[in-house]
Each structure stands twice: as C-alpha cells, then as structure tokens.
Amino acid sequence: GPADLAPEIWEKVKDHPCYSEEAHHYFARMHVAVAPACNIQCNYCNRKYDCANESRPGVVSEKLTPEQAIRKVVAVANEVPQLSVLGIAGPGDACYDWKKTRATFDSIAKVIPDIKLCLSTNGLALPDHVDEIADMNIDHVTITINMVDPEVGTGIYPWIFHRHRRWTGLDASRILHERQMEGLEMLAARKILVKVNSVMIPGINDEHLIEVNRVVKSKGAFLHNIMPLISDPAHGTHFGLTGQRGPRAMELKALQDRLEDGTKLMRHCRQCRADAVGLLGEDRGQEFTLDQLPAEVS
Ligand code: CLF
Ligand code: SF4
C-alpha cells in the first residue's frame with residue numbers, strides 16, 4: 001500500500017494492475033500485438049504463438065499494424081472504463097521490433113494522453129532505446145531475466161541475433177546477460193519502474209532464481225515475478241519436445257516463499273496473451289478483434 005512506498009512511486013503504481021496487487025481488482029490493461037519480430041531464441045518459445053516473456057503461449061494473437069492498434073485501443077477505451085494501461089508484450093520483442101512499438105505509443109499518447117504505457121522485452125535491444133523510452137514517458141518496463149550466469153543460459157537460449165550476426169553457446173548467453181544488466185541499470189537510473197519476469201524451469205534455473213532475485217534487486221528492480229514454464233509437447237517448443245516439465249504449483253510456491261524477503265514479489269500474474277484486454281484474469285480480446293472495430297476512429 002501507500003504506507004511503504006515513496007509518493008512518486010505510489011503515483012506510478014496505484015492504477016497499474018500488474019505493479020499493484022490492489023489495483024488489479026479495479027484497473028484493466030490491454031496489450032496490442034504489434035511486435036512480431038524477435039532477436040533471440042528461447043527454448044520455451046514457439047514463434048507461431050505469443051512471446052512467453054509475458055504471454056501464455058498456445059494461441060496465436062491477431063497481429064496488428066500500429067494504425068490498426070490505435071483503432072483498437074480507442075475502441076476498447078470507449079467500452080472499458082477501467083482501462084489504465086496499454087502494454088506491448090510481443091508476440092515477439094517490443095524493443096527489437098522498435099519502430100512499430102514506438103509508432104504505436106507515440107500515436108496513442110496523442111489520442112489518450114493519460115493512459116500509462118508499458119512494455120515487455122527480453123532485454124537484448126533494450127539499452128539502445130532507454131533514452132527514447134524515458135522521453136516517451138514509458139514508466140513501466142518488464143525484462144525477462146532467466147539467469148545471471150551465462151552457463152545456466154546455455155540451457156535456455158540456443159542463439160541470439162546481435163549487431164548483425166548470430167551468436168550461439170556461451171557467447172550468446174554472455175551478451176544477453178550483459179545487455180539485460182545494462183538495460184536494467186539504465187532504466188533504474190532514470191527512475192523507470194522495472195519488473196523482472198523469470199520463467200521457472202525445473203532442473204535448469206529453479207535454484208538459480210534465488211541468485212537472479214538477489215542480483216536484480218541489487219540493480220534496482222521494483223518487482224520480481226516468477227512465472228511457471230508452460231511446456232506443452234503439442235505446441236512444439238524445444239522444451240516440449242525434450243520432455244522438459246514445468247514446475248508443480250507447490251514447487252513454484254515454495255520458491256516464491258523463499259524469495260519473499262527479497263525484492264517485492266508479484267504473485268497475481270496471469271501470464272497474459274500478447275493481445276489480452278480487460279482486468280487481469282479476464283480476457284475480453286475476442287470482443288475487439290479487427291473485424292469488429294469501426295473503420296474510422298472518431
Ligand atoms: Fe502488460 Fe506486462 Fe505491462 Fe502488465 S501484463 S506488459 S506489466 S500491462 Fe501483468 Fe499479464 Fe503478468 Fe504481464 S499479469 S503477464 S505481469
Ligand atoms: Fe520467443 Fe519471446 Fe523468447 Fe523471442 S523472447 S524467442 S518471442 S519467448
């Protein structure tokens with residue numbers, strides 16, 4: 001609640017459903033799936049579906065151009081009075097597919113100036129855009145950080161694409177790690193609230209997330225959200241094919257309990273889709289598909 005937060009922080013979280021447990025009962029978020037391109041490969045990803053950084057994989061989001069996204073946001077804002085946050089969380093990476101992310105947010109800020117802007121990224125391209133993020137009044141950024149040790153990263157990331165070439169193995173994870181830490185520190189220095197998402201992968205990074213929690217806390221993350229791996233062989237992810245299981249509910253809770261003394265933990269995450277609309281836990285996305293939108297924004 002407000003008691004343990006500085007007033008300027010409270011101002012930023014009080015109506016953000018993810019950053020405030022309290023707010024999630026009263027305020028809605030919507031995502032627009034404008035960013036399909038991605039610059040890394042996660043072993044839990046299937047590119048046909050939404051980015052698992054934020055999203056429940058398994059359903060293909062309707063990809064929108066920035067222009068279509070704006071029509072959709074205006075339509076939703078007219079129908080959903082609780083709407084307080086517009087997020088871009090894929091279906092690929094919002095920072096790598098930057099032109100579309102930027103065009104969408106710039107236009108929305110003109111039409112609905114009081115909506116909060118939020119984005120989710122794997123962090124690799126993040127340092128290149130932090131100054132713009134600050135200029136655009138984006139107050140909330142989520143970075144998915146699954147390791148702070150590149151050795152652990154080799155079990156999660158087969159490759160990354162960075163500075164015009166592909167990197168594999170330890171190099172890939174080392175670069176990703178350095179860029180994630182740099183981005184986190186740059187955002188914290190600019191007083192932008194950073195939430196860290198970690199995907200808990202039994203046998204790969206589950207114990208290691210204790211160390212991840214310690215490091216991201218020391219670098220200024222506001223909130224840490226541990227999400228369970230959703231690994232379904234039917235979705236054809238690498239982990240699905242190798243039989244990697246997700247954590248059991250009790251294992252997830254046990255880890256969260258051990259971290260409770262660290263950075264504030266998020267426990268009400270619903271692993272939203274890249275085109276989710278509404279209060280957390282409800283998804284009204286199907287009411288606002290493109291074919292149902294008015295042709296013109298009024
Ligand atoms: Fe969206 Fe993410 Fe912003 Fe929230 S969702 S970009 S921070 S506005 Fe929220 Fe959904 Fe969990 Fe994300 S419940 S998946 S944490
Ligand atoms: Fe897939 Fe997201 Fe990972 Fe990119 S960052 S590979 S879209 S899960």
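Which residues of helix 9 (residues 249-259) are buried? In this predicted model, the buried positions of helix 9 are Leu252, Leu255, Gln256 and Leu259. Looking down the axis of helix 9, these buried residues fall within an arc of 100°, so they line one face of the helix. That face has several partners: the buried residues of helix 9 pack against strand 8 (193-200), helix 7 (209-218), strand 9 (223-228) and strand 10 (264-266).

Three of these partners lead on to a sheet. Strands 8, 9 and 10 belong to an open sheet of 8 strands, arranged in the order 10-9-8-5-4-3-1-11 with mixed pairing. Strand 10 and strand 11 (277-278) stand at its edges with a single partner strand each, so one side of each is left without a neighbour in the sheet. In general, the strands of a sheet pair through backbone hydrogen bonds, in either a parallel or an antiparallel sense. Here, strand 9 and strand 10 run parallel and are joined by 3 bridges. Within this pair, His224 stands opposite Leu265 of strand 10.

Strand 4 (residues 116-121), another member of the sheet order, contains Ser120. With a relative accessible area of 4%, Ser120 is under the 20% limit and therefore counts as buried. Residues up to four places away in sequence aside, Ser120 touches Asn53, Glu54, Ile88, Ala89, Asp93, Ala94 and Thr142. One of these, Glu54, reappears in the surroundings of a ligand: it is listed among the closest residues to ligand 1, together with Cys18, His31, Cys118 and Cys272. The shell around ligand 1 holds 15 residues, which divide into 7 nonpolar, 4 polar and 4 charged.

A smaller set of strands can be followed next. An open sheet of 3 strands has the order 2-6-7, and its pairing is antiparallel. Strand 2 and strand 7 are the edge strands, each pairing on one side only. Strand 2 (residues 40-41) and strand 6 (residues 159-162) are joined by 2 bridges. Across this pair, Ile40 stands opposite Ile160, while Gln41 stands opposite Trp159. On the other side, strand 6 pairs with strand 7 (residues 165-168) over 4 bridges, again in the antiparallel sense. Ile160 also has a partner here, namely Trp167 in strand 7. Ile160 thus links to Ile40 in strand 2 and to Trp167 in strand 7.

Strand 6 and strand 7 form a hairpin with 2 residues between them. Arg163 sits in the loop joining these strands, and its phi is near 50°, a positive value in a residue other than glycine. At 52% relative accessibility, Arg163 counts as exposed.

Ile40 also brings the second ligand into view. Around ligand 2 there are 13 residues, of which Cys38, Ile40, Cys42, Cys45 and Cys51 come nearest. By class, the shell around ligand 2 has 8 nonpolar, 4 polar and 1 charged residues.

Two further backbone features are worth a look. Most residues other than glycine have a negative phi, and most peptide bonds are trans. Gln271 is not a glycine, yet it has a positive phi of about 50°. Gln271 lies in the loop between strand 10 and strand 11, and it is buried, with a relative accessible area of 11%. The peptide bond from Gly90 to Pro91 is cis, with omega near 15°. Pro91 is found in the loop between strand 3 (83-88) and helix 3 (98-111).

What, finally, makes up the nonpolar interior? The largest nonpolar core has 54 residues, and those with the most contacts inside it are Val32, Leu86, Leu119, Ile133, Val141 and Leu187. Setting aside neighbours within four places in sequence, Leu187 is in contact with Leu126, Val130, Ile133, Val141, Ile143, Ile192 and Val194. A second, separate core of 19 residues includes Cys42, Cys45, Val199 and Leu229. Two of its members, Cys42 and Cys45, are also listed among the residues that come nearest to ligand 2.

Key. Residues are numbered from 1 along each chain as its sequence is written. Chains are lettered from A and ligands numbered from 1 in the order in which they are written. This is a predicted model: local features need pLDDT of at least 70, side-chain atom pairs count only at pLDDT 80 or more; totals for chains, interfaces and linings use all residues. Side-chain values use heavy atoms; hydrogens and water are left out. A residue is near a molecule or strand if one of its heavy atoms lies within 4 Å of it. Ala, Val, Leu, Ile, Met, Phe, Trp, Tyr, Cys and Pro count as nonpolar, Asp, Glu, Lys and Arg as charged, and the others, Gly among them, as polar. A nonpolar core is a set of buried Ala, Val, Leu, Ile, Met, Phe, Trp, Tyr and Cys residues joined through side-chain atoms within 4.5 Å. Buried means under 20% relative accessible area, exposed over 50%, partly exposed in between (1.4 Å probe, protein chains only). Contact means heavy atoms within 4.5 Å. The arc is that of the directions from the helix axis to the C-beta atoms. Two strands pair if DSSP finds at least two bridges between them.
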